[in-house]
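Student: I should like a close look at a single residue of this chain and its surroundings. Please take one position and describe its setting in a connected account.

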Amino acid sequence: MLDKIKDSFTSKQLACSNCGRKIEEGERFTANITMPSERNMLVSRLDNAIARTANSVLCEKC
Ligand SMILES: [Zn+2]
């Protein structure tokens with residue numbers, strides 16, 4: 001319950017779509033992203049932007 005509230009205030013974590021593991025700093029990952037329209041272009045922090053936009057994210061192990 002408390003975690004859910006906390007989650008809504010913190011930015012979305014970049015995690016692997018396959019195993020759910022969080023993508024750590026310095027780690028390589030593969031993301032499948034649909035090119036957004038000019039208006040919806042990625043403007044926030046890269047990890048948050050990818051987490052919101054990506055169709056799928058795969059960590060190094062997957
Ligand atoms: Zn994974």
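Tutor: Two residues are taken to be in contact if their C-beta atoms, placed from the backbone, lie within 7 Å. The model is predicted, and the residue chosen here is V57, which is found in strand 2. The chain as a whole comprises 2 helices and 2 strands, arranged along the sequence in the pattern α-β-α-β. Strand 2 covers residues 56–58 and has the highest mean pLDDT among the elements of the chain, at 96, whereas helix 1, residues 2–9, has the lowest, at 55. Where pLDDT is low, the predicted coordinates should not be read in detail. Over the chain, the mean pLDDT is 83, and 79% of the residues reach 70 or more.

As to its contacts, once neighbours within four places in sequence are set aside, V57 touches L14, A15, C16, S17, I23, F29, A31 and I50. One of these partners, C16, lies 41 residues away in sequence, yet the C-alpha to C-alpha separation of V57 and C16 is 5.0 Å. For the chain in general, of the contacts between residues at least 6 apart in sequence, 62% join residues at least 24 apart.

There remains the matter of exposure. V57 has 19 other C-beta atoms within 10 Å; a residue is buried if that count is 20 or more and exposed if it is 12 or fewer. V57 is therefore classed as partly exposed. Of the 62 residues of the chain, 5% count as buried.

Methods. Residues numbered from 1 in each chain as written. Predicted model: local features only at pLDDT ≥ 70, side-chain atom pairs only at ≥ 80, totals over all residues. pLDDT = per-residue confidence, 0-100. Helix = DSSP H or I, 4+ residues; strand = E, 2+ residues; numbered from the N terminus.
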